Each structure stands twice: as C-alpha cells, then as structure tokens.
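Trainee: I would like a close look at one part of this model. Please start from a single residue and then work outward to the helices.

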Amino acid sequence: MILDNSTGFKDIGYTLIHEHLTIDLSRLKEDDDAKLDDVDSLIEDLKELKKSGIDTIVDVTNIGMGRDIERIKYISDISNMNVILSTGFYKEPFLPEIVYKSSVKELADIFIDEIINGIDGTNYKASVIGEIGTSKEEIKEVERKIFEAAAIAHNETGVPIITHTTLGLLGLEQIKIFKNMKVNLEKVVIGHVDLNIDMDYYLTLLDNGCYLAFDTIGKTNYQPDELRAISIKKLIDKGFINKILLSLDISRKSYLKNYGGFGHSYIVEKFIPLLKNNGLTEEDIKTILYRNPLDLIGG
C-alpha cells in the first residue's frame, strides 16, 4: 500500500527511511548494476523484510532517478510492503534538463504539485522531499537551487526533507541553506552520516534539531557496521535517541540476496542484534524504527 496524507500514517509500523524500488542511474554510471530492474528478486527481498518485522519503506527515488510509480505500486502490492513516496531532484550529474532550465520557484511548484495533487498523473502523492543531494567537496549552484526549491515546498506543505550527503560530508552546509530559508529543521533528515563516523560532527548537526540517518547499513566497504552501532549507542547515551533513523539504501541489484548481496532483511537479521549487543533495548529499537519515522512523517 502507498501511504500518504489521504491514507494517513497510523499503520506506518517499523520503517526504513531511505530505500529505492525503481532507481536507475546506470547510464551515467555506465554500470547496469545501478539499474534496480529485477522486480522478482526485489520482491523476494521485500517479502523477507516484511517477515522480519519491517512494515514500511520510504522510497526516496525522485524525478530523473528512474522513479516508476506504477511499478512501485505493483511491488508494494505483491510484497505487502507499505511505501511512502518522494518528490525532488537528486544531485549532479544525475539531473534532468528541466532543473537547469527552471527557476527555484518553478522547481518548488513541481514539488508542491506532486505533494498536493499526485505524481505522474496518478493519485499517489509524495509525502517527503528527497533525496536531494550535494556533491563531495562543494554544493554546486544547481544543487543549491534544488535545496532552495525544497525549502519553499517544505514551507508551503510542511512535508519533511531527506538529504543525500556524498560520503557523509557537507551536512552543516546543507543545514545553513535550510536555516536561511526558514525551514523547520525538526523536519530535516541529514542522510548518509554513517559514511563519515565523526561524533563531533554528529553532535553539531544535532544541535540544529535535525535527524541523522544511519542509512547505509550493510555497506561495510565504507564503514564497519560495528562502528555504526557504537556511534548510535553513544548518541543515545547523550540523549539523542529521538533523532536517529535507519535504512540500507539498497540501490543496486548486487545488494539483493539473489545476487549474493546482504539483502534488505540484513538490517533485522544482523544489524539489530549488533545494536542490542552494544546495549540497545527493544524499546530503543521501537523508538528508532517506529516512533521517529512516525514523528517525522506523520507528525
């Protein structure tokens, strides 16, 4: 089922905050693995995820990233996984031409239309602006334009914003744009922070009121999951349990179990036990996977 303002979010359940169901970045990456087009294997993964106790995923695939609403609906129906949809544009070099040609206000109007009226001529509405991203070493002007458009759409509709940080960097610079645009930072998620394990950085971000997404769980080629778990426990000990969100960001076929990858259910089968080994309780897990997403999206 696709959840939005018309259905409400009372049945959100345990939720992963940053996933993809129809992403296709294969052309610019020159890599077919970056085209998540094996629907049957994806559905198998999601069925296991559902059995493991996850009820909902936030699909942050937006305009120009290969978003396919009808296919998302099919995957949701067959897997019995709730899906929350997003609007927005990603980052360079994955932006459609309309981003370069349009003004900030025109881009904001696109986002607002998908939130209020529906996506691609359907009645399925976006409930999140994301994932909107920045490059590794700088925020390019076209990316800044997207962030400003997202701020306008957020201010008009109240929906939350989920960002992409390249390797976890420039989160503070993203926050600065939002502050200048009067965004409610309590409705902002800074993404991929677990690619940059830095407690001082985390605490400075959190001082602004935003959420932190540890959303590349399982991608141990970037960071060991043990470090992710230790960092989450440290943040909880400092009183920030209400600002932590989790996900895997499965965006390639090779991450699926049928391709030898860790699969969606890894987060419950492997990472949740790792969190518990580091001192988290069942109530802590419920807060992170249920209460925090509900407060962000449904609150």
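Leaving aside its neighbours within four places in sequence, which residues is Asp 33 in contact with?

Mentor: This is a predicted model, and what follows should be read as such. Once the neighbours within four places in sequence are set aside, Asp 33 is in contact with Ser 251, Arg 252, Lys 253 and Ser 254. Asp 33 itself sits in a loop, the one between helix H1 (26–29) and helix H2 (39–51). Its relative accessibility is 18%, and because buried means under 20%, Asp 33 counts as buried.

The loop that holds Asp 33 leads to H2. H2 is a helix of 13 residues, with 18 Å between its first C-alpha and its last. That is close to the 18 Å expected at 1.5 Å a residue. The buried residues in H2 are Val 39, Ser 41, Leu 42, Ile 43, Asp 45, Leu 46 and Leu 49. They pack against two strands, E2 (15–19) and E3 (56–59), and against two helices, H3 (69–79) and H10. After H2 comes Gly 53, which has a positive phi near 115°.

H10, one of the partners of the buried residues of H2, also packs with another helix. H10 (residues 266–277) and H11 (residues 282–298) have their axes 10 Å apart, at an angle of about 130°. Angles from 115 to 145 degrees fall in the oblique class, and H10 and H11 are therefore oblique to each other. The crossing of H10 past H11 is right-handed. On the H10 side the contact is made by Ile 272, Leu 275 and Lys 276, and on the H11 side by Glu 282, Ile 285 and Leu 289. By class, the residues of this contact are four nonpolar, no polar and two charged.

A second helix pair can be set beside that one. Helix H7 (residues 171–180) and helix H8 (residues 199–206) have axes that come within 10 Å and cross at roughly 10°. An angle under 35 degrees counts as roughly parallel, so H7 and H8 are roughly parallel to each other. Gly 171, Leu 172 and Ile 175 are the H7 residues that meet Tyr 201, Thr 204 and Leu 205 in H8. The residues of the contact of H7 with H8 divide into four nonpolar, two polar and no charged.

To return to the starting point, Asp 33 is a buried residue in the loop between H1 and H2, and its contacts beyond its sequence neighbours include Arg 252 and Lys 253.

How values were computed: Residues numbered from 1 in each chain as written. Predicted model: local features only at pLDDT ≥ 70, side-chain atom pairs only at ≥ 80, totals over all residues. Heavy atoms only, no water. Axes fitted to C-alpha atoms, helices over the stretch in contact; angles between N-to-C directions. Helix = DSSP H or I, 4+ residues; strand = E, 2+ residues; numbered from the N terminus. Parallel < 35°, antiparallel > 145°, perpendicular 65-115°, else oblique. Contact = heavy atoms within 4.5 Å. Nonpolar A, V, L, I, M, F, W, Y, C, P; charged D, E, K, R; others polar. Buried < 20%, exposed > 50% of the residue type's maximum accessible area, 1.4 Å probe, protein only. Left-handed = near helix turned anticlockwise from the far one by under 90°. Expected span 1.5 Å × (residues − 1).
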